[in-house]
Amino acid sequence: MTKKTKDQADPTLLEANSKIDAIKQLIFGENMAEYSQEFDTLKKELEQRRQELSDYIDDTRKELMTAIDNLGTDVNIRISDLEEALNDKTGDLDAKKVDKSQLGSLLIKLGENIKG
């Protein structure tokens with residue numbers, strides 16, 4: 001058996017292709033070029049819409065990242081404020097707290113004064 005090259009194509013295949021082309025011409029006729037142009041226009045519009053959506057997604061991503069950064073900064077500021085308030089309250093409690101040995105000494109003195 002010998003293999004056929006492209007130049008030696010099957011005549012029935014060529015005939016089938018030409019029949020298909022003839023059927024296309026009969027069905028679509030003059031409108032083929034118009035359909036092709038409409039498909040090209042639709043392809044361009046789809047690509048343009050895809051690019052617009054991609055740009056919109058990028059802009060939204062940037063806005064979200066900025067909002068997240070701002071929120072993180074606000075949270076850090078509030079945490080710092082809470083830490084300062086907690087430290088102030090702790091300092092106030094330490095100032096108000098009386099040492100047990102000091103309290104014991106004062107009570108002994110009070111008891112001796114009442115006795116004597």
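A nonpolar patch on the surface of this predicted model is formed by I23, L26, I27, F28, M32, Y35, F39 and L42, with about 830 Å² of accessible area together. Patches comprise residues with over 30% relative accessible area and no salt bridge, nonpolar side chains (Val, Leu, Ile, Met, Phe, Trp, Tyr) being joined within 5 Å and like charges within 9 Å; a salt bridge is a side-chain nitrogen of Lys or Arg within 4 Å of a carboxyl oxygen of Asp or Glu. Accessible areas derive from the Shrake-Rupley method with a 1.4 Å probe, and for residues only the protein chains shown count as cover. At least two residues of the patch come from each of α1 (11-28) and α2 (31-96). I23, located in helix α1, has 47% relative accessibility and is therefore partly exposed (buried, under 20%; exposed, over 50%; partly exposed, in between).

The protein chain contains 3 helices and 0 strands (DSSP runs of H or I, at least four residues, and of E, at least two, numbered from the N terminus). Helix α3 (residues 100-115) has 0 buried residues among its 16, so it lies largely in the open. Across the protein chain, 1% of the 116 residues are buried.

The C-alpha atoms occupy a box of roughly 135 × 45 × 20 Å along the principal axes. Mean pLDDT, the predictor's confidence per residue from 0 to 100, is 84 for the protein chain.

Residues are numbered from 1 along each chain as its sequence is written. Local features require pLDDT of at least 70 and side-chain atom pairs 80 or more, totals for chains, interfaces and linings use all residues, and side-chain values use heavy atoms, without hydrogens and water.

Methods. Buried means under 20% relative accessible area, exposed over 50%, partly exposed in between (1.4 Å probe, protein chains only).
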